[in-house]
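Ready for a few warm-up exercises on a protein you haven't met before? Have a look at the structure, try each task yourself, then read through the solution.

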Amino acid sequence: EYNTIFENGVLYVDKAKPREVYDRIVIIDPAGYVPSELLNDDSLTPSRICQDISSKLLTRLGNEGIRIYVTSLDERICDNEDALLLLNEVKPDMYIRIETSYDEDSKEYGTETVYNGTYFIPGFGSVELADMLEAEVTTAIGGKAVGMVEAGEEDEVIRRATVPAATVKVGYYTNMQENILLNREDYRTRIAEGIASAVLSAYDGE
């Protein structure tokens, strides 16, 4: 972060660490993906779905005075090492990754969350964040809660994070009915509202 002052024809730039400027900081990481053979030509891509939810959160939580850092503003997915570097540099209060689920069984549907089970934080940690995200998102969309699972090898950023960190998988891209919903603007807005409610509840519980 930086502040600028223009004085007597000279521009002064003062750099500061985010924590020196903001009291509340959250990193949002849109990372929707499915294998190419499961992509639906009639649908938004998983990355586009997650990026749109992320953009809505940027506005919604920004209006609450929370500083949001987003790992991507387009359909590119941030590299894991870059996401971890941002985490270490910014030191946010929490990290939330947004994904879509996928399965060869097209009947699978619902919302699930992934938490860091190896790094324990007293009070409010990854398990509590994952639980809040699942509860608030499923309530916002009137959906089915699949449950919480501990991060595996593929969840590198969640496993290595040293702040409360969780992934919320907002629905099955490969389920026809859920895919239709994920392509609706109002449905993605409700998902964003659910995530925002979880974040605000976490801060209210401090």
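Before we start, one term: helices (H or I, at least four residues) and strands (E, at least two) are DSSP runs, numbered from the N terminus. Keep in mind that this is a predicted model.

**Exercise 1.** Find out which element gives the most to the lining of the largest pocket.

*Solution.* Start with the pocket itself: its volume is about 350 Å³. Next, look at the lining, made up of 18 residues, with Glu-99, Tyr-102, Glu-154, Asp-155 and Lys-169 the closest to the centre. Now pick out the elements that give two or more residues: β5 (94-101), α5 (156-160) and β8 (165-172). The winner is β5, with four residues. To round things off, sort the lining by class: you get seven nonpolar, three polar and eight charged residues.

**Exercise 2.** Work out the order of the strands in the open sheet of six strands.

*Solution.* Walking across the sheet, you meet β4-β3-β5-β8-β6-β7, and the pairing is mixed. At the edges sit β4 (67-70) and β7 (145-150), each pairing on one side only. From one strand to the next, the twist averages 20 degrees. Now zoom in on β6 (residues 111-115), which pairs with β7 in the parallel sense over five bridges. Here Val-114 stands opposite Val-149 in β7.

**Exercise 3.** Which strands does helix α4 touch as it packs on the sheet?

*Solution.* Follow residues 126-141, which form α4: this helix touches β5, β6, β7 and β8. Then check its direction, which makes about 170 degrees with that of β6. Helix α7 (residues 185-204) packs on the sheet too, touching β3 (25-30), β5 and β8. The direction of α7 makes about 155 degrees with that of β5.

Notes:
Residues numbered from 1 in each chain as written. Predicted model: local features only at pLDDT ≥ 70, side-chain atom pairs only at ≥ 80, totals over all residues. Heavy atoms only, no water. 1 Å grid on protein atoms, 1.4 Å probe; cavity = no way out; pocket = protein on both sides within 12 Å on 5 of 7 lines; lining within 4 Å. Points joined across faces, edges and corners; volume = space filled by probe spheres on them. Nonpolar A, V, L, I, M, F, W, Y, C, P; charged D, E, K, R; others polar. Pairing = 2+ DSSP bridges. Axes fitted to C-alpha atoms, helices over the stretch in contact; angles between N-to-C directions. Contact = heavy atoms within 4.5 Å.
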